[in-house]
Amino acid sequence: MKKINFLFAIHNHQPVGNFEHVFEEVFNACYRPYFEVLKRFPEIKTAAHFSGPLLEWLKQNRADYLKMLKDMEQAGRLEILSGGFYEPLLSTLPEEDAIGQIRMMNQFIEAEFGSVPRGLWLAERIWSPDLPRIIAKAGIEYTIVDDTHFNYSGLEDNQIQGYYITERLGHPLFVFPISKQLRYGIPFKMPDETLSVLRRAKDELGFQGMTYADDGEKFGSWPDTYDWVYKEKWLEKFFTALSDNTDWIETLTFSEYIDRHSPSGRIYLPMASYDEMMEWSLPTNAALKFKWLKEELQSKDVHEERYKLFLRGGQWDNFLTKYEESNLLHKKMLYVSRKVKQLSPKDQESSGALKELYQGQCNCAQWHGLFGGLYLNYLRHALYQHLLAAQNIADEKTGHDFSLEIFDYNMDGKDEVLISNPKMNACLAPAYGGALMEVDYRPQCFNLSNVFRRREEIYHKTILDSAHSENNEQGQPQSIHDRVKFREQDLQSKIFFDRWERYSFLDHFIGPDTTLENFKQCRFEEQGDFVDQSYEIKPDETLQTDKDYSMIMTKTGLVTQQGNSHPVRVEKKFTFSRTDAHIRAHYKIDNESDVLLNLWWGVEFNFTLLAGDAEDRTYICPGHSLESARLISEGALDDVDSFGMQDDWHKFQLSITSKPAVSLWRFPVETISQSEDGFERTYQGSCLLMHRKLELLPGQSVEHDFTLIISPSAPA
């Protein structure tokens, strides 16, 4: 009897920076029990990919587990897939880094499992047309992507089977298409339904091979799946069903299938990912319209098969425009990669700089969809931590001391100013309010500006509509794509959207009715046009000494009062230490109008120490008593000449001094986002507004000084 070959793979991954207890919990929930069940079915052949962070944890903590995998691999039952070692998106990396990450994984697999990998797991199945050339250069023969990619090339579902050959400039690569139907059904539908899909593929469509590949965490770690997969024995029933039907189903590894069968054809795939990712990457307004279009087609009973070849979302790179935080992480990576490449290949590896760089390229904190990813501050912090460690090593090796660079760092078409010394990196954005876009404390490899902006997301409407109608159905688990769950009550009342990026030294002129509460909610009147507008650098007035470097930025803007606009000039002179993490900002505000102006001026700062409600991360305010010093707290203070944040975990503190004293508002910046566990509130950082009221006659000016200092914490 003619058989259909069923190609089955799982992808197991934990991000760089995830907590130790998560590795342990997920190992016990799915990584271990999955293979314990599979081991009892020696006739079944499968494939698996483990990302580098997980492999390193397994090698250190579960060597016996790796031994079990090796035994299965050596017996021909399991094929171990390669990939970028620290799970990067290969299409977003410099070519040398992409090939290096793959080769690092190849070497690990050969050393630990005794085999040379032929296939590669493509992180998030992010495909770009140049990848065949890059992947083939790393010695890989095939990869696995979604049938969605093939749809976008014009193929219909009844044509997509086996594997295909593609190429780039003569570099060939085999690509296997993952069935979305199987991906959505396993393990949420009964095994018989999977068999029905395979039966139809064999008998009606004449398929020789069909591929399932998806996250291994679906088998026990995703919400509500452990009981279903193991206690209700779904996985055992599934493997039993495959074993009982070997007369018409044969499981093969991907390499075996390639060796036995020719490609189904030649194909050229466009830039794509799985269709959910492409929807998530759309800007919010476009995503809403896309959702409405699909709903409209469904309401008209138009079958999806008719239009899905021509209906697609965006592309992964849209995340770099949708979220500036993603773009800044990516551009930091490119900047540090260039620094590491200044070292010799030998020094790159022996110094540890290359490994730190590769760890800083993990994809999970660079995008957001169903999973928290980019919204999780500790994952973003982990990438910055590794990138800064790589920069520190590279700068030490090359003898870097102090530098000033002016170039388009974030690729927005406008120059930024980068100042670097052994204790600090600082990045100013003259075209965006003359703001401090990033400040890093290099001794602790800590980006204190890693504060996420509160944005409208398409699922916020779901929160508003569904806050009181949570689905609590019992029994067979739902896919995380279909669940609506709230991690806490009343989230709908905490949804606010920011009008500006969460930078520092942002200059506000606020309306007379502004309160801490409406400032926090970003629902206040902004009377000036300075916050995110362009300041001019005055290069002829820069000053360099042996101890510091100064530069002046100015803007003449308009402040509106009682319906009339009046010219006001803001000048701020930044002075950067050449040796310490010190920044001084000297402000001069001029009334250039011909009327008396009553101004309410404030300077906004946004910083993070990651944990908002931890006892070892607190505010410090000499001479004042705070009801709560935790960073999750909010409040107002008057007559403040010094205020700061202290991190007893990382052993440093940040302080801002003000001359003269000011009033101060503080509040936590919290986002409402979705994850596989449901909708949740996440502390991103703390906003500080130092403000004062000014009365300026025509032609009159006022001066003010702020000094930002980051230093080791005083001993307890």
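Begin the tour at the second largest cavity, which has a volume of about 90 Å³ in what is a predicted model. To bring its surroundings into view, select K332, L418, N425, A426 and C427, which lie nearest the centre of this cavity among the 13 residues that line it. Then colour the elements α16, β11 (416-421), β12 (424-429) and β13, each of which supplies at least two residues of the lining of the second largest cavity. Sorted by class, that lining has six nonpolar, three polar and four charged residues.

Keep α16 and β13 highlighted and turn next to the largest cavity, in which about 120 Å³ of space lies. The elements that give two or more residues to its lining are α16 (324-340), α19 (377-398) and β13 (435-441). Which element gives the most to the lining of the largest cavity? That is α16, with three residues. For a selection around the centre, take E325, L328, S449, N450 and V451, which lie nearest to it out of the 14 residues lining the largest cavity. By class, the lining of the largest cavity has five nonpolar, three polar and six charged residues. If you wish to go through the cavities one after another, the count comes to five cavities of 30 Å³ or more.

Now move to S179, a residue in the loop between β7 (171-178) and α7 (180-185). Is S179 buried or exposed? Its relative accessibility is 8%, and because buried means under 20%, S179 counts as buried. Display the side chain of S179 together with the backbone of L182, and you will find that this side chain reaches the backbone nitrogen of L182 at 3.1 Å. For contacts from further along the chain, add D147, M210 and T211 to the selection, since S179 touches these three when residues up to four places away in sequence are not counted.

For the last stop, select helix α2, which spans residues 52-61. Which residues of α2 are buried? They are G52, P53, L54, L55, W57 and L58, and showing them as sticks within the helix makes the buried part of α2 easy to follow. To see what lies over these side chains and backbone atoms, bring in the surrounding elements: the cover of the buried residues of α2 includes the strands β1 (4-12) and β2 (46-50), along with the helices α1 (20-38), α3 (63-74) and α4 (95-113).

Methods
Residues are numbered from 1 along each chain as its sequence is written. This is a predicted model: local features need pLDDT of at least 70, side-chain atom pairs count only at pLDDT 80 or more; totals for chains, interfaces and linings use all residues. Side-chain values use heavy atoms; hydrogens and water are left out. Helices (H or I, at least four residues) and strands (E, at least two) are DSSP runs, numbered from the N terminus. Buried means under 20% relative accessible area, exposed over 50%, partly exposed in between (1.4 Å probe, protein chains only). A polar contact is a pair of N or O atoms within 3.5 Å; within protein, one must be able to donate a hydrogen and the other to accept it, and residues adjacent in sequence count only if both atoms are side-chain atoms. Contact means heavy atoms within 4.5 Å. On a 1 Å grid over the protein atoms alone, a cavity is a set of points where a 1.4 Å probe fits but cannot get out, and a pocket is an open set with protein on both sides within 12 Å along at least five of seven lines; lining residues have an atom within 4 Å of a point. Grid points are joined across faces, edges and corners, and a volume is the space filled by probe spheres set on the points. Ala, Val, Leu, Ile, Met, Phe, Trp, Tyr, Cys and Pro count as nonpolar, Asp, Glu, Lys and Arg as charged, and the others, Gly among them, as polar.
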